[in-house]
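Me: Could you walk me through reading a structure like this one? I'd like the general idea each time, and then the case at hand.

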Amino acid sequence: MPTVLDQIVEGVRADLDSRRRSTPVEQLREASLGAPAPRDARRWLAPRDTVHVIAEVKRRSPSKGELSPIPDPAALAGSYGAGGASAVSVLTEGRRFGGSLADLDAVRAAVDVPLLRKDFLVEEYQLWEARAHGADLVLLIVAALEQSRLRDLKQLAEELGMQVLVEVHDEAELERALAVGTWLLGVNARDLRTLEVDPATVERLAAAAPAGEELVLVAESGVQGPQQVRRYAAAGADAVLVGEALVTGGQPQTAVAELAEVPRQRRQQ
């Protein structure tokens, strides 16, 4: 039986085929070459004394349904930046998350911090889209990709000047992520095959990840406030990616500022 992730990727591929018919890849390549140079995400996300916050523009999710209409994604992103977000993530998947590349454009015009295109990227076309629309970072989900495809997409993203957040959920995926040489590792507490969240996943995989300043570990999912960020920081997370709590809490700037004050702790091995 297809998993939730399988179903999402199937929809992504169908929508991708539609966009490819209306916008040829050659047009995206030309736009990419004319776009401003990507921001240096390594500098913005370098380990520091407190946890980095990657704040997300997220309208809905398969697990929770509608979260927030977000009529003005640029204003929301501006609040994130004012609160001290080190980067902004924009969910561009439309069917399950209500996002779009137009959201990416709007946020790019509103913030100076690095911009992450968060989507289910499975083809090179989507990387050209990301760069053409101003992304500095892209997400690659190990569970959604064969190893050769993961390696090839990461290589192209870097050739285009973008950095890659490589996302894992278990030990086998962690080994695959490290094998492609990532410096930015996302550990998702949510199993995308079932949508269940287990914060212990972050603790377990953070303990298994290499220690040192060369690897930036991003804890994803399950963050409702500073207490959860402190738990992830204690496990060795250098950053957290947060969406739901920020778009539903009513005070995104204040919420980001509170999360960004949580002290970071180095991973021990």
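Reply: We'll go from the overall fold to the core, two helices, a buried arginine and some backbone angles. Keep in mind that this is a predicted model.

Me: Let's start wide. How many helices and strands does the protein have?

Reply: There are 12 helices and 10 strands. The radius of gyration is 17 Å, close to the 18 Å that the globule rule gives for 269 residues, so the protein is as compact as a globular protein of that length. Along the principal axes, the C-alpha atoms fill a box of roughly 50 × 40 × 40 Å.

Me: And what share of the residues counts as buried?

Reply: 55% of the 269 residues do. As for contacts with a separation of 6 or more, 69% of them are between residues 24 or more positions apart. The accessible surface comes to about 11,300 Å², and carbon and sulfur atoms hold 48% of that.

Me: How do I read the core?

Reply: The general idea: in soluble globular proteins, nonpolar side chains tend to be buried together. Here, the largest nonpolar core has 94 residues, and Tyr 80, Val 88, Leu 127, Leu 185 and Val 240 have the most contacts inside it. Helix 1 (residues 4-22) gives the most to this core, with 6 residues. For a feel of one hub, look at Leu 185: beyond its neighbours within four places in sequence, its contacts include Leu 165, Val 166, Leu 174, Ala 209 and Leu 217.

Me: Which residues of helix 4 are buried, and where do they sit around the axis?

Reply: First the principle: an α-helix has 3.6 residues a turn, so residues three or four places apart point the same way. In helix 4 (residues 73-83), the buried ones are Pro 73, Leu 76, Ala 77, Tyr 80 and Gly 83. They cover an arc of only 120° around the axis, which puts them on the same side of helix 4. That set packs against strand 1, strand 4 (87-91), helix 5 (101-108), helix 11 (244-248) and helix 12 (252-259). Just after helix 4, Gly 84 takes a positive phi of about 100°.

Me: Which residues of helix 9 are buried?

Reply: Thr 201, Val 202, Leu 205 and Ala 206. Down the axis of helix 9, they fall within an arc of 120°, so they line one face of the helix. Their packing partners are strand 7 (163-168), helix 8 (171-179), strand 8, strand 9 and helix 10.

Me: Now the arginine. Is Arg 59 buried or exposed, and what does its side chain reach?

Reply: Arg 59 counts as buried because its relative accessibility is 17%, under the 20% cut-off. The residue lies in the loop between strand 1 (52-57) and strand 2 (60-61). Its side chain makes a polar contact with the side chain of Asp 103 (2.4 Å) and reaches the backbone oxygen of Pro 69 at 2.9 Å. Among the other residues that Arg 59 touches are Glu 66, Leu 67, Phe 97 and Gly 98.

Me: Last one: how should I read phi?

Reply: Most residues other than glycine have a negative phi. Against that background, Leu 195 has a phi near 75°, and Ser 221 has one of about 80°.

Me: Where do Leu 195 and Ser 221 lie?

Reply: Leu 195 is in the loop between strand 8 (184-188) and helix 9 (200-208), and counts as buried at 18% relative accessibility. Ser 221 is in the loop between strand 9 (216-220) and helix 10 (226-235); with a relative accessible area of 17%, Ser 221 is buried.

Terms used. Residues numbered from 1 in each chain as written. Predicted model: local features only at pLDDT ≥ 70, side-chain atom pairs only at ≥ 80, totals over all residues. Heavy atoms only, no water. Helix = DSSP H or I, 4+ residues; strand = E, 2+ residues; numbered from the N terminus. Buried < 20%, exposed > 50% of the residue type's maximum accessible area, 1.4 Å probe, protein only. Polar contact = N/O pair within 3.5 Å; in protein donor to acceptor, adjacent residues only side chain to side chain. Contact = heavy atoms within 4.5 Å. Core = buried A, V, L, I, M, F, W, Y, C linked by side-chain atoms within 4.5 Å. Arc of directions from axis to C-beta. Rg over C-alpha atoms; globule rule 2.2 N^0.38 Å. Areas by Shrake-Rupley, 256 points an atom, 1.4 Å probe, with all protein chains shown as cover.
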